[in-house]
Every structure is written in C-alpha cells, then in structure tokens.
Amino acid sequence: MSDSTPHGFHSTGAEGPAIGQDEWVARHADVRFLPARLSVVERRLRVVPWWAWLTLFVGVLCLFPVVETSGYVRQVAFQTVLYMLLALGLNVVVGWGGLLDLGYVAFYGIGAYAYALLDSPHYGIHLPTLVSVPLIVLIGAAAGLVLGLPSWRLTGDYLAIVTLFFLQLFQTVTTNWQNVTGGPFGILNVDPFGLPGGHKLNTEHSGVFAVSYLYVALAFFVVVFVALRLLNNSRTGRAWRSLREDPLAAEAMGMPVNWLKLLAFSCGAAVAALTGSLYAALFANVFPLTFYFVTLITIYTMVILGGSGNQAGVVLGALIISPLLELLRDADKSRILFFAALVGSFAILGRRSRRIAIVAGATLVFGFVLHAIARGIDGGWVAGQPGAGSFARFVEHWVIAPGHPARWIAPIAYVGVIAAALLCTMLRGVIRDVALVPTVYLGAFVWENVMLSKPDPARYIVLGLILIVLMVIRPNGLLGERRVEIV
Amino acid sequence: MELLELTGVSLSFGGLKVVDALDLHVKEGEIVSVIGPNGAGKTTLFNLITGIYRPHTGDIRFDGQSIVGLEPHQICCRGISRTFQTLRLFLNMSVKENVMAACYGHTKAGIFRSMLRTPGMRREEREIEEIARKRLSFFGQRLMGYRWEQPAYSLSYANRRRLEIARATATNPRMLLLDEPAAGMNPAETHEITELIGQLRKEGGYTILVIEHDMHVVEGISDRVVALDHGTKIAEGSFEQVATNEKVVEAYLGLNTMSSK
C-alpha cells in the first residue's frame, strides 16, 4: 500500500531491468538488503488497493477485543490507536510538508487540556461531546496556524528550534499556571465522552478497560486516515509535497508557499488536538509531563521507522513501537524479545554467510564454557535469578548473572559493550568474527544484569538500537518511498 | 502590443549593481533571446520578473499592470511562468505529479472539498490530469508511457529539462521565461529544443523570453536578441545586428581583438 503512486520498481532479478528504465535506477532502487523473494511479495502487495488494506486492518483491530479480554491489553491497543492518530498528524507536517516541527506534542497537550477544561468539574463546564470535540479540533487548528507563522521566515534547523521552544513554553505554562491548568497536579476527574441522549461512555466496565473507547478511537482513525489520504491526492497534497521538495520552485509555479505551510501545521495540529481530547476522556486526567519530550520522540520514532511521508508506513511504525514499548516494561517478555531478536538476526545473516553461522555457534559454546568456568571458580558469580519460565532457566545456564553484582560492574560492562561493538565495526575478516563472539556475549551480559533491572531507560535504549539498525538497512523506513536529495 | 515592459529597473547586491537601469520590452507573441557573458545579470533579470527579487528602482509591467511587489506565486497566476537554469524539479514526485502540482494556481478545490471528493472537485481533478497529459505529450513519447508514473529523479538530464518546460506550461501562462533550455544538451537534443521553442509559440501561443548561450539556438529561434553586460543592455536587434555589434563582441571576447587595428 504505497502512499502516492507506486513507482513500480523492478528488481534486477531473473527479469532484469524493466524495458526503458534507467539501468542505474533499476540497480539501486532495490538496495534494501531484502531477500529477493521478499521484494517480490512486497511488489505484489502493492497491487492491493489501499481501502482494502484499511478495511482489513481496522476489521482485525475491531475483532481484537473479542479475542483478547484482558483490560490491560485492550488499553494498550487503545493507546496504539492514539499513537497511530498522532503519527498520521505528524506525517502531514513532517512527511508531506517537510517542516521539522518539534512542538507537535504541544498540540496533543492543547487538545487534552482543552477537553479537560471544557468537560470537567474544574470549572464546572460540561459541554456535550459533540460540541466540545469539534471545538477542540478548531482550537488545535488555530494553534497550529499560530505556530506555523515562524515558518514564513525560518526553515530547517531554525524552525525546529522555534517549535521546540513552543513545546517548552506549553510545558512551562501548564506547569506553572496553577489556577487554570492545575500545575503539576494536573486536572482530574475529566468527563468521559457523552452520547447525545445524555448517556456517558464509561471508561471502565466492572473495573476493566471499556472497549467502547477503542471503537471510538478506531472510528477517529478511519476518518482521519481517509480524509488525509484524499487530501494528499488533491491539489493541496501535491502542493505540500512540492513544498517539501523545493519551496522556491513551488512558489514560482504558482503555489502560495507560506499559506501552504500554515495549512500543514494547522492540519497536523488539528489531528493532534483531536487525539488529545480522546486521551483526556479516557484517562480522565491530564498532567503536563504526558505531553513532553518522551512522547515527542516516540511519535517521531514511529514516523521515521515506518517511512515518513507514507501514511501506511507511519501507522505501521506506531503499530510496532507502541506495543513494543509495553512489552519491554515486563522483564520476562522483554528478555524473550531480546534473545529472539539476537537469534533472529543471526539466523538471517547466517543464511547468507557461513562465517556468521559459525560465529553464532561459537557464541553459544563460549557462553556455556564461560558460565561453567565462572561457576567452578565461585558459585556466587552465577547465583543471580533471572526469573521464571523455561526460557529464563536456559538463559540462567548461559549468561553469567552474579548474585550480588559489584557496583562497578554495571558502568564498566556498559562502556565495554559499546567499545567492543565499535571495535567490531572497524575490524575486518577473521579477526572481526573472533571479536564478535565475546562482544555478543558481553551484550547479553549487560542486558541481563544491567538493563533488565531498570526497564524504563532500557526500553528506550532498545528502541534506539532498533532505529539505528533499521536506518542502516532501510534508510527510508519500512514503507518509505526511496528519497533522493541530490542527484 | 507590449506584453512585458521593464522601465529603468535596477537591483544591487551591496555595492554591486547587478541590473542597472534596464529597459526591456517584449511584444505579445514574440520570442526574445537574452544573451550575455557569465554574470551579466540574465538570471537576475528573470528573478526580478518572477518576483523572487524586488527591483530597487524602476517598474515592471505585465499586460499593462505593474507586478512589482507581488509574491512570485501571484505573478505566476498573472501568467508568467519560468524554468530554472539549475533544474529545480520536485524530484521525489512522479513525472505526472510534477506537472499536476503546477496546476495549483488555476484550480480551486479547497481542503474540505478535497476530503469529501465532491463532484466538482473530481471534475477538476480530471481536468488537471488531462492538462498533465497534454503538456507531457507535447514531447512525444519521451515523458509518457511508463515514465508517466516514475519519480522525476529517474529521468535523464535532457528529460528533466523537458519536464521543467512541461511543468512551466501547466500553469497556463501567457509568457514563458526559459533559462538556458539547451544547457548541457548534446547537439541533437539542442536542435530538438530549437524546434520545440518555435513549436511552443505556434501551439501554445506563448510569448517567450529565453536566456541562451548556444548561438545556434539563439539564431534559430529569436525574433529579437537583447545583449546584456554588467547589468545593462549593450545591444538589441536582430540576431545579425547583435552578433556583429562591436560592444557585444567586446563583452564576449574582450577588447583589442578584431575591430582595433
């Protein structure tokens, strides 16, 4: 499901370059380190129309609560849909408009705070949802226009700094203007969404997350996705992308660049504000810190990972990152993820190079031997309890986990693994393969002993690692179109 | 009738006078070439006409109305379109979309109509696509067929130049400013461009102002030639008149060559 028009690249495989296609392009278009068979699948999948994908996708998500009854999992699903909405909004500004907007989360916050002020006991205002939500979208759009103004005179890095300042401003105001925003204590007891008949959508149903919000979020998602997609295939969308490619040429070809920039900021902000209202209605409270850097970076990660400029891509990015961050909260699940990723990457690389396969085997043996030696010297070195489950027990016999690790172990091991990894990138040939064995083992050691005990920073480190690897393999993101800057 | 009139236009960057009290007139339906050595102010002249720079003195009138102080997109909508010497295509958009994007100025559908896909918007969209098809088929099969949906960066250099011209004509201009359309082209392509410019006027009815270094092209297309040096007009007239003008020869070759004995 490609975003603009599928360019229909052909790989130089059995078919050779397509007739008349520049050979260089044909050769380079598929440099994505994908196995040949996968890129064929990818091409076939692009034939399916976008609305069919959307229906399938939303249909599966709708059926999700039927299969999954855990309130926690449902809530994660809800949050994922929120992130998908946010990523779609950011994609307008960054992916299409090409404007680096680091103040984006502030609009999310503005939407949430606006809902909290318009529908809560805080001021005693209880607007009907059908009035307040459209109003919030308008407020968000207006705020977007205001933040868009500096983009008339600033581009690139300078615009990024000004928008970042806007986020900081929002943060400072919400934290300090206590009588209005409640300061750091936030606004509590925000109303849930209400239906026209005075019926309230409960956020909880007998103590469990209410599925209705997931459906509301999905409905918003479908509307936003379709509206933005149609917009992208209109003169406004084409003008946005022209603006991203070359603002001067766009202006000379009759496109009012300044107005288009405002429009892009405004559309993105409106989507973010809409999402904010949904957030406030479900969680029934708003705090300043929810709308800060961590959220901003998470949304950016989704957009970049999925492929900035491609709607399906950014949705996919959100779909991967949001559950991943949740999984990484839990030590047992994140352990499985880590080792699965390790084994998986060895399996993929090992199929192409026998040497990597040997390295994998050597690492396995290396671990058991080192573990046995360590236990032989002192039982306390391997007394750490990695957790329950058969998988954990296997890991227990492989990775050294000291019962009471000395305090200096953590920083030394951390720095050591980074240094070793860097060294490996500089080495070549057999020496590198030999060096890889202890490096991978050290990585596993750090994971087990340092990172697992502190899941919160660890999960963002893992996120960063995934992003680095992916950017090396697929610089345009998972579904991003190939981009050229200078040819 | 004069379509474009520049009277006493000057522009300086700091102490450097790039364009100095320049007068220039282009009649409707005319093809005028601007020649001059590097740094003579030819591209600056284009930037002045299209509103990227604003003249410090003087007036630029298009179709009888002053266009000084208008934004470039407004000038484009008045009917002046241009190509760039250093190609400025929308490289990551398809060939088709490059041309369709340039229809922005003379189409109307707003964001809500686009989101709702109203019948009027859909009709307009079909018209835009039709314009793109027409403008691109002007170059025969070169930009049609499988290239239609390809990204612009996959085009060869000559095809990119052609696409720039197609994009410029999609704004429905009355006047085209072509900045070195034959730069970097091989002799066959240069010959093709020469014929093409004449054909553009015949089929599209455009008035054309063109900057060109290739004297064969200039000779082949121009009704009138204007020679610039150091921002001032040093000669004007037919190709023969200008090419044999002493000042022009001097500007290109330096003093003390043929004429001084």
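Start by selecting B:E5 and B:R61: B:R61, in β4(B), is the bridge partner of B:E5. Before going on, note that this is a predicted model, where local features need pLDDT of at least 70, side-chain atom pairs count only at pLDDT 80 or more, and totals for chains, interfaces and linings use all residues. Residues are numbered from 1 along each chain as its sequence is written, while chains are lettered from A and ligands numbered from 1 in the order in which they are written.

**Around β1 of chain B**

Now colour the two strands you just landed on. β1(B) and strand β4 (residues 57-62) of chain B run antiparallel and are joined by five bridges. Strands count as paired if DSSP finds at least two bridges between them; the strands themselves are DSSP runs (E, at least two residues), helices are runs of H or I of at least four, and both are numbered from the N terminus.

Next, add β2 (residues 16-27) of chain B, which pairs with β1 (residues 2-13) in the antiparallel sense over eight bridges. Click B:V9 and look across to B:L22, its bridge partner in β2(B). Then go to the turn: two residues lie between the strands of this hairpin, and B:G14 takes a positive phi near 60° there.

**The six-stranded sheet**

Stay in chain B and show the open sheet with the order β6-β7-β8-β3-β9-β10, which has mixed pairing. Its edges are β6 (80-82) and β10, each with a single partner strand, so one side of each has no neighbour in the sheet. On average, neighbouring strands here are turned by 20° against each other, direction ignored. Axes for such angles are lines fitted to C-alpha atoms, for helices over the stretch in contact, and angles run from 0 to 180 degrees between N-to-C directions.

At the β6 edge, select B:I80, which stands opposite B:M175 in β7(B). β6(B) and strand β7 (residues 175-179) run parallel, with three bridges joining them.

At the other end, pick B:H230, in the loop between β9 (224-229) and β10 (232-237) of chain B. This residue has a positive phi, near 50°, without being a glycine. Most residues other than glycine have a negative phi. B:H230 is partly exposed, with 16 other C-beta atoms within 10 Å; buried would take 20 or more, exposed means 12 or fewer, and partly exposed is in between, with C-beta atoms placed from the backbone. Helix α10 (residues 246-253) lies across β9 and β10 of chain B, at about 125° to β10(B).

**Over to chain A**

Which residues of chain B touch chain A? Show the contacts (C-beta atoms, placed from the backbone, within 7 Å): 35 residues of chain B meet 32 of chain A. The elements giving two or more residues to the chain B side are α2 (72-78), α3 (95-101) and α4 (111-116). α2(B) gives the most, with four residues.

Now select A:A87. Among the residues it touches are A:I299, A:M302 and A:V314, leaving aside those up to four places away in sequence. A:A87 and A:A273 have the most contacts inside the largest nonpolar core, which has 195 residues. Such a core is a set of buried Ala, Val, Leu, Ile, Met, Phe, Trp, Tyr and Cys residues joined through C-beta atoms within 7 Å.

Last stop: A:N189, in the loop between α8 (178-181) and β3 (204-205) of chain A. A:N189 has a positive phi of about 55° although it is not a glycine, and with 10 C-beta neighbours inside 10 Å it counts as exposed.

Key: Contact = placed C-beta atoms within 7 Å.
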